[in-house]
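The report that follows considers how a protein meets its DNA in one model, and then how the protein copies are arranged. Please keep the sequence and the structure in view while reading.

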Number of protein chains: 2
Amino acid sequence: MAEHDRADDRESAVETIQRELTSFARRARATAARMHPELSLVSFTLLSHLDEQGGCRATDLATHYALDKSTVSRQVSALERAGLVARRVDPDDHRVQVLHPTAAGAEILAQVTVSRRQMFGERLADWAEDDLTRFARYLERYNEASRAADEA
Amino acid sequence: MAEHDRADDRESAVETIQRELTSFARRARATAARMHPELSLVSFTLLSHLDEQGGCRATDLATHYALDKSTVSRQVSALERAGLVARRVDPDDHRVQVLHPTAAGAEILAQVTVSRRQMFGERLADWAEDDLTRFARYLERYNEASRAADEA
DNA sequence: CCACGCGGGTTGTAGAGTGCAACCAGCGCC
DNA sequence: GGCGCTGGTTGCACTCTACAACCCGCGTGG
C-alpha cells in the first residue's frame, strides 16, 4: 500500500543521508590536512571561532565544539607556540584566559579560509543558487538537531 | 545592483555549506565512537563495504577510501582478531587475500547499522519527506564532485 | 629459464588528536 | 577561613594515520 511505500522511501533517504555524511566525514580531515598542513581542521575551526567572536575562553571552545578541555588546552598551546593566538588573563577573574588571534593568526586564517572557500566553490560551481541555499539550510538544520541530541 | 547581490548570496551559501560540513565532520568520529565502542567509524565503513560488495581485496578498500594500505592492513587485522572478518587467499593469485565478513561480523554490522539508522532517524524525524530526499540527493551530488576532485 | 620489475600486504616508526583522571589555582559563599 | 566550584594544565593511554622499508608471489623480456 501507499503508506508502506512512503515509509520505505523515507527509510532509504535516511540511509543515503547517513552513508553520505559518514563518507564525507571520513575524508574531511585528510583533505583538510593535505590542503594546508600548517593548520589542521581543528585548529582552523578554533581559530576561526576566535576570529568571529573576537576572542573567547578556552572553556567556551570546549563546550561549543564538544571537545575535552584538555584537548582545547593543547590545541591552544600549539597555536600559541606557532604565534597565531595570544592569551590574556582576564583582569576580573584571574582564572580565565581570553584568547585572541594575533595578526599572524588572522592572516593565516584568511589565507586558509580563501583556499577552503575556493575548494568548496569548485565542488559547487555548477549548482543552481536555489540548490545551494537549500543545501545550506538543510545542513544547518541537521547540525542543529545533532547538537541538541548530543547535549541530551 | 542585482547581479552583485546574487553573487553575494551564492558566496554566503557556499560559506554556510563549508562551515556546516566541517562542523559535522569534526563531530562525526566522536559521536560514532560513543554510540558503539566496539566498531569505530572506519571499521564500520570497511566492514560495511565488505558486506555490500560480498568480499574484496584490501587494496580495493584502500583506494576506494583514500587510505594508506598499511592503515587498511591494520584495521583488517583488528577486525580479524575480533573475529568479524575472514581472509581467504585467492587461489588464482597467492598474493591477494579476499576479505569477507564472518557471521559474527555480519551480525554486529547489522546491529550497528540499526542503531546508526535510528540515530539519524531521530535527528531527521520531523523532516518532510521531500526535504529528506532532496537533502540526500544534494549530499550524493556533493560527494561525487568531491571524489572526482580528489582524484585529480 | 631466470632475473628484474611490479603489485599486494605487513611491519617499524613517528606523530597528531583525543579522552579521562588527577591535579593546581583563583573565586565566592557560607 | 574553609569548602566547593570553575577554568585550565599535565600525565597517561589509546586510536588512527601516513611514510618507508621490507617480504613474497606473479609475469615478462632478455
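In this predicted model, 24 residues lie around DNA strand D, and those that come nearest are A:Thr59, A:Lys69, A:Ser73, A:Arg74 and A:Arg87. Of the atoms of DNA strand D that come within 4 Å of the protein, 60% belong to sugar and phosphate. Sorted by class, the residues of the surface near DNA strand D comprise five nonpolar, nine polar and 10 charged ones.

Chain B also has side chains that make polar contacts with this strand: an N or O atom in the side chain of B:Ser70 is 2.8 Å from a base nitrogen of DNA strand D, and an N or O atom in the side chain of B:Arg74 is 2.9 Å from a base nitrogen of DNA strand D. For B:Thr71, by contrast, the partner is a phosphate oxygen of DNA strand D, at 2.9 Å from a side-chain N or O atom. The elements that give two or more residues to the surface near DNA strand D are α3 (58-64) and α4 of chain A, together with α4 of chain B.

Turning to the other strand, 25 residues lie around DNA strand C, and A:Arg74, A:His94, B:Thr59, B:Arg74 and B:Arg87 come nearest. Sugar and phosphate make up 59% of the atoms of DNA strand C that come within 4 Å of the protein. The surface near DNA strand C is built from five nonpolar, nine polar and 11 charged residues, and at least two residues each are supplied by α4 (69-81) of chain A and by α3 (58-64) and α4 (69-81) of chain B. Polar contacts with this strand are set out below.

| Side chain | Atom of DNA strand C | Distance |
|---|---|---|
| A:Arg74 | base oxygen | 2.7 Å |
| B:Arg57 | phosphate oxygen | 3.5 Å |
| B:Arg87 | phosphate oxygen | 2.5 Å |

How, then, are the protein chains placed with respect to one another? A turn of 180 degrees, with a shift of 0.1 Å along the axis, lays chain B on chain A with an RMSD of 0.2 Å. This is the relation of a two-fold axis. The residue of chain B that comes closest to the rotation axis is B:Ala25, whose C-alpha lies at 2.1 Å. Both copies use the same surface, since 100% of the contact residues of chain B recur in chain A.

Technical notes
Residues are numbered from 1 along each chain as its sequence is written. Chains are lettered from A and ligands numbered from 1 in the order in which they are written. This is a predicted model: local features need pLDDT of at least 70, side-chain atom pairs count only at pLDDT 80 or more; totals for chains, interfaces and linings use all residues. Side-chain values use heavy atoms; hydrogens and water are left out. A residue is near a molecule or strand if one of its heavy atoms lies within 4 Å of it. A polar contact is a pair of N or O atoms within 3.5 Å; within protein, one must be able to donate a hydrogen and the other to accept it, and residues adjacent in sequence count only if both atoms are side-chain atoms. Helices (H or I, at least four residues) and strands (E, at least two) are DSSP runs, numbered from the N terminus. Ala, Val, Leu, Ile, Met, Phe, Trp, Tyr, Cys and Pro count as nonpolar, Asp, Glu, Lys and Arg as charged, and the others, Gly among them, as polar. Copies are superposed by least squares on the C-alpha atoms of residues with pLDDT of at least 70 in both. Contact means heavy atoms within 4.5 Å.
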